[in-house]
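Colleague: I'm new to this structure and would love a close look at one part of it. Could you pick a pair of neighbouring strands and walk me through what surrounds them?

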Amino acid sequence: VKKLELSLFIDQIVPLHLMHFSLCAHAARLFHQAFISFRKYVLEMTSLPADLHIILSDICCGAGHIDDVYPYFMRHAKQIFPMLDCMDDLRKISDLRVPADWYPEARAIQRKVIFHAGPTNSGKTYHAIQRYLAAKSGVYCGPLKLLAHEIFEKSNNAGVPCDLVTGEERTFVDSEGRAAGHVACTIEMCSVNTPYEVAVIDEIQMIRDPSRGWAWTRALLGLCAEEIHVCGEPAAIDFIRELMYSTGEEVEVHTYQRLTPFSILDHAVESLDNLRPGDCIVCFSKNDIYSISRQIEARGLECAVIYGSLPPGTKLSQAKKFNNPDDPCKILVATDAIGMGLNLSIKRIIFNSLVKPNINEKGEKQMETISTSQALQIAGRAGRFSSKFKEGEVTTMHRDDLPVLKEILSHTVDPIETAGLHPTAEQIEMFAYHLPDATLSNLLDIFVSLSQVDGLYFVCNIDDFKFLADMIQHIPLNLRSRYVFCTAPINKKQPFVCTSFLKFARQFSRDEPLTFDWVCRHVSWPLAPPKNIKDLVHLEAVHDVLDLYLWLSYRFMDMFPDTAFVRQIQRELDDIIQQGVRNITRLIRATDPNITDPLQTQSNRRSQTGSNIGAASSSVLTKTRGQRGQRASGGVMDSSLASRLVRDGLLTPDLLQQLQKEWSKDQKQENASQNAFDAQHHNNNHGKRKKKKK
């Protein structure tokens, strides 16, 4: 009875007092959470502080007023939410409503903004780059290292000295290290303090990207250039105009049309037997890449393979192989990584699927049908102006997908409505001053919850940042170093990369330099060529770890001193990975195909599809709605490797079953191919020959 009375009193007093305060939505939410916590504390604690116990007893006996409990509620609220004591200061720090004011150097000059708008292969970036090359000084800001490297080479080949700056690399054309007048960089690395005559911001539509959009916002608002040339989709024109209106700068628009046409075919490919030279099959998972490349080779055809986690050198090598008219490789199997950064001679784009995993604004992974913008970006790779195919074609692998693709491509691209923002290190440091006991992850949460943005902006997803912050929270680092570590671009899906990140931070905290010998011991260098898919995936992870070292070396030069040596072994590793990718179908065959009970369990969770599309591609190709065929009952054999590969998402039960069937049919061909591979392994492994047990 007493607890019921207390519950009723608490339910009355706290909401009643909150009505007298003018609270923003975030503060009101904090008070509501504190109210729930206080209610639970009072009703469930076996013993309460004496003063609070007396007050509650008086209220229950009618000797006190319910208002008397409010000071105790506030005391409890400030214990669990220390920011309530300095809410006004924190709200001022997290006020993001006028980000243009963060860049006084840019606001001090009158900039001219030129928008080059057009679809893929329309020449929009070409015209911007021509102005960039003609200027006395300039900066190119691109979304990928490959694009920055392309402009770096193009500029220097044109006789315009140009430096290269990416997160992991600094290349100065001047032998003494003096900065050139021009620089090509990834967009996160552009300087907003250096004055330029011309700046080029490529792929401006990525300003709305949930994770990286802040970098385009920073470049557009902050670059100190007399002319800002932005290149991208027409869907961004109105938004960029509105954004520039807030800075008092007008936008001049140049519109371009596609230089070569592409058409949507009226029939799907349906079978890999119908492939032609110049075809590119686009998949949205590495599993499908492995499966389809294996099936193509089984038909006596060679194919190149490109996906996102491959090193840039390997991507370029595979692109060169596919583009070379004298090379027997005439088919490309790729993810949407081909949408930017690579010049490819493609006649026909074939969508193997129309669904892909995306990260939504809440940081959640979900399967979604590709957008019109994504479809156009990929389809536009067919029939490039600079390639031998002057007209492109687009279709799907499956008949049911074709009308869906036509519907997607018939829509106009959704207009861009918001630009991304991200809290800076300085803002987080000011938060930490007011909340010295809060962890970095909590500081980010509080910042985002209190932040105020106007209708033109949103706060970018910080889940990856918080993931790294939580991982190294127990390691003693000062706040600025901790912040820098957490902005490192790492693939958190790779356990070896995450483990390396943790070891790097721990070694750094001990003030012990990460030497070349230390890195070699950590990655077990030298590394042998891959024997199977798991080996290849591990080599890709090691390449990412070396990238992480190089990235950190430009932020903490004294602690990561052996940049040149690490870069050298990274180039050697790139060559090893290239060798593995050239033999990718042999690596798949070398992977143990046996399936254990855990795989059967996983396959049972998959949804069934109503029909098959033929023996060549039925169980291994992604269906339009992201469904997979359920694995047929068959030989269930013991294999921990197969189980781990499926558990890690590197292979699927369907893929393993299909490969098992093909291996039994092609045993003789496999033996011959394996002998050739062993000979190649012998030549590339310092004369040490390894025989494989069948």
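Modeller: Happy to! Let's start with strand E3 (residues 162-166), which is joined to E4 by three bridges, the two strands running antiparallel. Two strands count as paired if DSSP finds at least two bridges between them. Helices (H or I, at least four residues) and strands (E, at least two) are DSSP runs, numbered from the N terminus. One bridge to look for sets Val165 against Arg170 in E4.

A word on what you are looking at: this is a predicted model, in which local features need pLDDT of at least 70 and side-chain atom pairs count only at pLDDT 80 or more, while totals for chains, interfaces and linings use all residues. Residues are numbered from 1 along each chain as its sequence is written, and side-chain values use heavy atoms, with hydrogens and water left out.

Now zoom out a little. E3 and E4 belong to an open sheet of eight strands, ordered E4-E3-E5-E2-E6-E7-E1-E8, and its pairing is mixed. Strand E4 (169-171) and strand E8 (251-255) are the edges; each has a single partner strand, so one side of each has no neighbour in the sheet. On average, neighbouring strands here are turned by 15° against each other, direction ignored. Axes are lines fitted to C-alpha atoms, for helices over the stretch in contact, and angles run from 0 to 180 degrees between N-to-C directions. Helix H8 (residues 145-157) packs on this sheet and touches strand E2 (138-142), E3, E4 and strand E5 (182-186), contact meaning heavy atoms within 4.5 Å. The direction of H8 makes about 170° with that of E3.

Next, the cysteine in E3. With a disulfide taken as a pair of cysteine sulfur atoms within 2.5 Å, the count is zero. For Cys162, the nearest cysteine sulfur belongs to Cys185, 9.1 Å away. Cys162 has a relative accessible area of 0%, so it is buried (under 20%; exposed is over 50%, partly exposed in between; 1.4 Å probe, protein chains only).

Back to E4, where Arg170 has another partner: it lies over the face of Tyr554, 4.2 Å from the ring centre. A charge sits over a ring if NZ of Lys or CZ of Arg is within 6 Å of the ring centre and within 35 degrees of the ring normal.

From that ring, let's turn to other aromatic residues. Rings of Phe, Tyr and Trp (its six-membered ring) pair if their centres lie within 6.5 Å; planes under 30 degrees apart are stacked, over 60 edge-to-face, and the rest tilted. The whole structure holds 13 such pairs. In one of them, Phe504 and Trp518 are tilted, 5.7 Å centre to centre with 55° between the planes. Phe504 is in helix H19 (residues 495-509) and Trp518 in helix H20 (residues 516-523), 14 residues apart. Trp518 is buried at 14% relative accessible area, and Phe504 is buried at 0%. Phe504 also meets Tyr549: their centres are 6.3 Å apart and their planes at 80°, so this pair is edge-to-face. Tyr549 lies in helix H21 (residues 533-553), so the pair ties H19 to a part 45 residues away in sequence. Ring pairs link these three with Phe485, Phe501, Phe508, Phe556 and Phe560 into a cluster.
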